[in-house]
Amino acid sequence: MSRYILRRALRSLLTVVIVFVAVFMLLRLMPLSGYFPPEMIKEADEATRMVYLRNQGLLDHPMVQLGRFVGNMFHGDLGRSLTVYPKVPIATLLKEKIPVTAAFGFASMLIGIVFGVGLGLFMVRFKDKAGDKLGTVFILLVRAVPSLIYLFFIQVWISKWFNLPLIFYKDRPISWILPTICLSLSSIAYYALWLRRFMVDEENQDYVKFAQVKGLPKREVLKRHVFKNAAIPLIIYIPYDLLMIIAGSLVIETLYAIPGTGGLLTTAIKSQDNNLVQVIVLMYAILSVIGVFLGDLLVAFVDPRIKLTEGE
Amino acid sequence: MDEKKKMPAALDPLKFRAAVYDQIAGEDVGFSNYSYWRSTLRTFFRSKAVVFLVTAVLAMIVMSIVYPIVSSVDPRAVVVDPRQWNLRPSMDHFFGTDSLGRDIWARAWYGARNSFLLGFAIACSDVGFGTLAGALWGYNKKLDPFFVELYNIITNIPSTVYLVLLAYIMNTSYLTLFFAMASRGWIVEARFFRNRILSIRDSEYNIASRCLGTPMHRIAFRNIVPHIISLIIMEAALCIPYSIGSEVFMGFVGVGLPVDAITLGNIVNQGRQSFTLHPYQMLLPTAILCLITVAFYVIGNKFADASDPRNHV
Amino acid sequence: MMQPDEELNRTKSRSRRLIYALSMRYLGIALVCCAAAGGAFRSRMYFVFSLCAAGGIFLAWGWFSYLAVTGLKVPGAGSLPKARPDVPYSLRQKKRRWQKPAFARTDADFEDDLTARTHVSEGEFDELQLRAVRIRARLLCSAALFALSLIIRY
Amino acid sequence: MEQQRKQEPILSAKDVRIQFNLRGQILTAVRGASLDLYEGETLAIVGESGCGKSVFTKSFIGMLDKNGRVTGGSIHYRGEELTAYTTEQEWLKVRGKKIAMVFQDPMTSLNPVRTIGEQITEVITWHFGTEHEKAKQEAIEILKKVGISDAEVRYRQYPGEFSGGMRQRVVIATAIACRPEILICDEPTTALDVTVQAQILKLIKELQQEYHMTVVYITHDLGVVANVADRVSVMYAGQIVEHGLVREIFHEPAHPYTKALLQSLPQLGVKGHELYSIKGTPPNLFKEIRGDAFAPRNPRAMEIDFEEEPPMFQISETHWAKTWLLHPLAEGYRAKIEAEDAARKDKIVPDSPFDYSHAKKLLQVKDLSVNFKLGAKQFKAVDTVSFDIYKGETLSLVGESGSGKTTIGRAIMRIYGSNVEGSILYEGEEITGRLSREKAKDLHMEMQMIFQDPMASLNERAKVDYIISEGLYNYHLYEDEKDRERKVVAIMQEVGLSQDFITRFPHEFSGGQRQRIGIARSLVMGPDFIVADEPISALDVSIRAQVINLLNKMKKERNLTYLFIAHDLSVVRFISDRIAVIHKGRLVELAPCEELFAQPLHPYTKALLSAVPYPDPDVERNKILLTYDSRMHSYETDPPVWTEILPGHFILANRQEIAIYQKEIDDAAGRRAE
């Protein structure tokens, strides 16, 4: 079993490297104008710009630049932001912002799983009755309606009913509640919908009928057998979801003015700060790959079938 | 099947006796007498389109040779005074002037000459090497595996790879362009001629000649050469438009000849940049370019039909 | 009847030829795009950079199709839509083909005994072999692109 | 098959006219042909090349060339009017699904750059939408059914890697893969050997039973028609001139063209006498044809035939013919003609056989073998063959393609220089190996060759004048230009070509005329010995008779000796004095003509005789098809020897087999004695 995991880990490491290289090479195609600090942009003549680029090493061969970037990375130096936070080393920038977004993300995911699964079970339990219909309406609302609209209403009304602060303050935890709830709405809807559909499909599987024939009541069968099988695909998805948290949600972070990494990428692109864009894009790419592979590894633990069919 | 009612009314019973039988009427095949080359040309020039195209092409070739010698206009001369730039076509500048004041009419003909030269060179190299290699390949079986392997290696590389790489590795000049385009064509040409030569060599009329004791040189000139010549002309006629076409494509992709070289490709590409403001700068050279390529293409195909004796009706 | 090992190395040699053909085809397309990009910005540097980018893309593409073959399901990556089969060759009405210049001709234009030795069609391989061939072709093409980007000076 | 008259025909074509415009001129390939096709029957359409039979059937599935279109008449198929179809989509409902077609040249329906497996699977997935894997299994199944060995491996090969017969089987596989209701076979076996042809005809018959298809055969070989057809339609110059049941057409032909076709068959000819041959060539379809199209070529046509086009007369319930002879007014004339024919038939007595007692040996071949190098391995085309040819006889060499018969002919003509072993004596002198220029010149004047394919045996780019006198040019056998021209004109007169053809090109002549030019070319040097390499197999039935008569006339007038190479035993019977059968490079049997037919000994000869289609339905229907498998001999221990088992009857057998044959001969002799 450990040999299998080792091989899987190695392969995911190799995938991370390959994605890193591919994305880095693509980023070399960014327009050159994005490499100049604000004061350089005004100077028109071509010569000085070229000289600047040359000694920045941006004209070297992409492979050389890749080597240099990796070298610096190991020393913790991810380069400096040019226009968004002039001269600020990107590493420190990230150290500040990531924990904030992570905290929110983690909280909303927990709520999402607990309430999502609960809602899903509730809807399956009262299939085609009032409860189920209510749940479907909620899911429909959250998934179909663009998030900006219902988040805006939440911010205006709910904050008035429970007089919760509109803006996020680092020190007052009371102001964290509203953004977390907004963030968790979409994951609740996702988990509920997915679980309901899976449970409904599984219901008419043979092993469920067989269990009922054995005399177990329907509720018991649903809980013990069907839910356990539903867990596997769910688990695959969680690590991927977990890592997407760091990407943060652009909408909520702008609405509640949370200094997270949500809007960082878009502002970087708008103000043409290539260094910053480069690091963020690389981060997203690596995180998504790790997410997929973590899910893959988790499955190995949970799904008995994988253990038997050793390797691919 | 009730054919009965279609019976003609009054049938003259006299008709039902033996008619005089003349052997020749049955034998008559109804064709006349032409030499091979005369009937090929006759069928070739029968269609009016071909006549028009051939005259147009000849006129352009003559013009592109004569004009550079005769005319005093220097196609590279950049006019300093901006009023001369982007002039509309007028009496003294038939095609007007481009963004640097150079006369497009002159440039078009210099360009046509260079493009023709390039096209002929590539056609000759392809058809020339192709025939030689094809003959070698066709005549002795031992070379077969070698040529097949060579064919596989060369033809699997798309021609764009040749063009782009050679243009970037060696700096772009007429030679690199020629080598890029000619390096691939000859082996396919060789396979084409190999098939034809093989089918001629094993055909029964060739063996009949050997049975009659015909010496080798007469077999070559009477049995093989007449077949090969019409093929060579056809292949050459088709090669030229294609080479000019790829030169334009190379220019478009940016790996073509250096900007100052005057070829139809470069002129068209330069015209393309200021197309919105001065469409004529691109349209007129393109018209010439299209006329040349289309003409040669149609000529090549029509000649292929004309040289096939079955069409000499 | 061909012995198994003789048949095995026949498929191996033919798949090697198909890998070569496919990678060259990919290379052709990649080069045209890079050249167009280079041409658009009038700079050879941009051409070299886009060569590297293309190399990266093919590397990732080849690697992920390898992972897909070995059973990794990437959430959200749906499978390619199945191409609608067109009319079988034997039922098509054969058009009169215009003569093409020799070097524009492909194997389809030559109906001679060499076709079996100069052409490898994808129908020869079953699904798994074909995917393996495509993976190797993409990785080969990516290696070629990186190599080219090193050769070309700017 | 007779009982389904009452049923409605599934496909009926009425007065169909098809026209092509070739470079401005209108060619009417089909001038009002009509045809009815009944469920489950086999219809054969017989006619010479150029009579429009394949164009007519191609219009059933919309596969006419681009410049051809149906300009008149109607084709009803299952209530649908096919002539109204214009778009490809409409045709694709019928083409392949309901009506499938097998073409003569398999290469037109097989894509050279895709494996044959792919091409069958694509038809199956296209029609039935089966997914790829299952369709692949089905394709391999069908390949096995059409008799292709080790189908799994062949599945991945290309059409180019298949032999003619195998390629035709693949095409049949693609055709039946769509389970069509009607299968049209356009000369499916013309390019194949006799034994392979017999197998393919048997295969199609089996498939017809299994898939209960209706099959339409298009062929010019009356033997094949007798073998397969229930009903026959005879087509001439774009019209169906006669149609009826197969026995009616073969035993009571009504139309003069059908009678002429049957009479000109060498199989039915009487040795030594001139075959009836249809003079002239099929009419030029560019011009409008008045009256009966066959009239100009029919010596006994009536004047009415030149003026009015005859309607279709009914002879019996199923037998119709389009000729004025059936008109009541022509009663007397018809009786007179039939009486003449009957009289002519029984007054002919067969010629006396060639008397070998004091004939002189012209050519002796001893242990001749020819081997070629195909890449690395040696390939022995001819393996220790020895036989003699006497002056003035016609020895036929019969075998399938690839059996080495042509190689022997060309080895005698000294075309294969280095790779020939063994000795060939011409009038006692050795002619293999190097010869002095003088000796070579004499040999070229003594020995000449005639070729098979009239289209390929003449140089397209040279005039008839140069072609015929090429031999004269080589050895300057003429005093001056005038004398050369005189010689050429004389020889053309002799082979029946008019003088003003001298300045024309080969493509201006028909198949028969081109073959006569080839003969003139070889005779102009005044040779004594002629190697005729399958001179008639590429010709139409009526033209064949002309060439055979010409060869016989030349033999009598110039006292020639022939080595006649052919692959069709029945045709050769009429011409040859002795027949040698060859298989895979080895002579297996050599005997006087009638003795070989009466008492074939070697199993391969028996198989060959059984496979040859004989143009008579009664004979064909109760003939059992023997197949020969060379592995049945055990030659490792007891090698075969070329022995003379009876005077003049040689056979290749080892001691054990000779004993068997000896017993066979004694039993036959015993039976004859009772």
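# A walk through the complex, starting with chain C

Let's begin on the outside: chain C has an accessible surface of about 8,100 Å², and carbon and sulfur atoms account for 62% of that. (Accessible areas come from the Shrake-Rupley method with a 1.4 Å probe, and for residues only the protein chains shown count as cover.) Before going further, keep in mind that this is a predicted model, where local features need pLDDT of at least 70, side-chain atom pairs count only at pLDDT 80 or more, and totals for chains, interfaces and linings use all residues. To find your way, residues are numbered from 1 along each chain as its sequence is written, chains are lettered from A and ligands numbered from 1 in the order in which they are written, and side-chain values use heavy atoms, with hydrogens and water left out.

What is chain C built from? It has four helices and zero strands, so to speak a plain α-α-α-α when read along the sequence. Helices here are DSSP runs of H or I with at least four residues, strands are runs of E with at least two, and both are numbered from the N terminus. Of the 154 residues in chain C, 47% count as buried, meaning under 20% relative accessible area, while exposed is over 50% and partly exposed lies in between (1.4 Å probe, protein chains only). Take the contacts in chain C (heavy atoms within 4.5 Å) between residues at least 6 apart in sequence: 79% of them join residues at least 24 apart.

Now over to chain A. This one has 14 helices and zero strands, and its C-alpha atoms fill a box of roughly 85 × 55 × 30 Å along the principal axes. Of its 312 residues, 43% count as buried. Chain A exposes about 16,800 Å², with 72% of that supplied by carbon and sulfur atoms. Among its contacts between residues at least 6 apart in sequence, 69% join residues at least 24 apart.

How do the chains meet? Four pairs of chains are in contact, and chains B and D share the most contacts. Chain A touches neither B nor D: the closest C-alpha atoms lie 16 Å apart for A and B, and 22 Å apart for A and D.

There are also some enclosed spaces, 12 cavities of 30 Å³ or more. A cavity is a set of points, on a 1 Å grid over the protein atoms alone, where a 1.4 Å probe fits but cannot get out, and lining residues have an atom within 4 Å of a point. Grid points are joined across faces, edges and corners, and the volume is the space filled by probe spheres set on the points. The largest cavity has a volume of about 140 Å³. Of the 16 residues lining it, the closest to its centre are C:Ser90, C:Leu91, D:Ala100, D:Met101 and D:Ala175. In chain D, strand 6 (99-102) and helix 6 (164-177) each supply at least two lining residues.

Finally, how confident is the predictor? Its per-residue score, pLDDT, runs from 0 to 100. Chain D averages 84, with 98% of the residues at 70 or above, and chain A averages 79. In chain A, helix 14 (residues 304-308) has the lowest mean, 58, and helix 4 (residues 62-74) the highest, 87. Over residues 308-312 of chain A, pLDDT is below 50. For the complex, the predictor gives an ipTM of 0.75 and a pTM of 0.77.

Conventions:
1 Å grid on protein atoms, 1.4 Å probe; cavity = no way out; pocket = protein on both sides within 12 Å on 5 of 7 lines; lining within 4 Å. pLDDT = per-residue confidence, 0-100.
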